[in-house]
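Dear colleague,

I am passing on the structure below, together with some notes on the empty space found in it. Please read them with the coordinates open beside you.

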Amino acid sequence: PLLFLILSGFVNAQPIFNLGLKAGVNSSKISFNIEDYTSESIVKAHFGAFARLGVGRIYVQPEAYFSAKGGELDQNVLNTVTAFNYKTLDVPVLLGFKLLKGKTVDLHVVAGPVFSYLTSSSIDENEDFSKEYFADNYMGFQYGVGIDVLFLTLDARMEHGNNKLYSDAGINGKNQTFMLTVGLKIF
């Protein structure tokens, strides 16, 4: 009986198909496994496109967007040691679920892996850090919450990268990014 109930829910469920554009701001930082330094966040931007494919309340949301990220490392409160800046092409593949489904407003949660490819990088170099130790690509995980109002979608997400963004002789760095995004559904 339970299997019949689940299958009948999918048969009667509305298909989901959306394509759209998105843009927003992100606050990112790079944290290192060195105790002498404190990681500080910087604010940058991102823009790109998304799709939603699913049935009923469940969907898959692949995206592709360009993002500027980075961070600063401080050795003490008065002295900024190093600034990291890099740009990526990010490709998350998110699983979404609509918590509340209304006629004009939906509340959703998303989570899934993100694959990031560096397109440029720079470091205010000193004797401890060099841009040659940036990875060409890395993987992370995103999760967040959002709301859809008619043809607009608003999202707040966290992204946690793995320890492979920057790696040099025992110094490992990973990114952490908080994102606020506005999307426009075209279809």
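Please keep in mind that this is a predicted model. The largest pocket is lined by 14 residues, and those lying nearest its centre are Lys98, Gly102, Lys103, Asp106 and Lys185. Strands S1 (15–32), S5 (79–101) and S6 (105–123) are the elements that each give two or more residues to this lining, and S1 gives the most, with four residues. The space in the largest pocket comes to about 160 Å³, and its lining, sorted by class, holds six charged, five nonpolar and three polar residues.

Turning to enclosed space, the count comes to one cavity of 30 Å³ or more, and the largest cavity holds about 30 Å³. Its lining consists of Lys22, Phe50, Gln61, Glu63, Thr153, Asp155, Arg157, Thr181, Val182 and Gly183, with strands S4 (58–76), S8 (152–161) and S10 (171–185) as the elements that contribute two or more residues. Four of the lining residues are charged, four are polar and two are nonpolar.

Among the residues that line the cavity is Gln61, which is found in strand S4 and counts as buried because its relative accessible area is 2%, where the cut-off is under 20%. The side chain of Gln61 makes a polar contact of 2.6 Å with the side chain of Glu63, another residue of the cavity lining. Leaving aside residues up to four places away in sequence, Gln61 touches Phe50, Ala51, Arg52, Pro92, Val93, Leu94 and Arg157.

With best regards

Note on methods. Residues numbered from 1 in each chain as written. Predicted model: local features only at pLDDT ≥ 70, side-chain atom pairs only at ≥ 80, totals over all residues. Heavy atoms only, no water. 1 Å grid on protein atoms, 1.4 Å probe; cavity = no way out; pocket = protein on both sides within 12 Å on 5 of 7 lines; lining within 4 Å. Points joined across faces, edges and corners; volume = space filled by probe spheres on them. Nonpolar A, V, L, I, M, F, W, Y, C, P; charged D, E, K, R; others polar. Buried < 20%, exposed > 50% of the residue type's maximum accessible area, 1.4 Å probe, protein only. Polar contact = N/O pair within 3.5 Å; in protein donor to acceptor, adjacent residues only side chain to side chain. Contact = heavy atoms within 4.5 Å.
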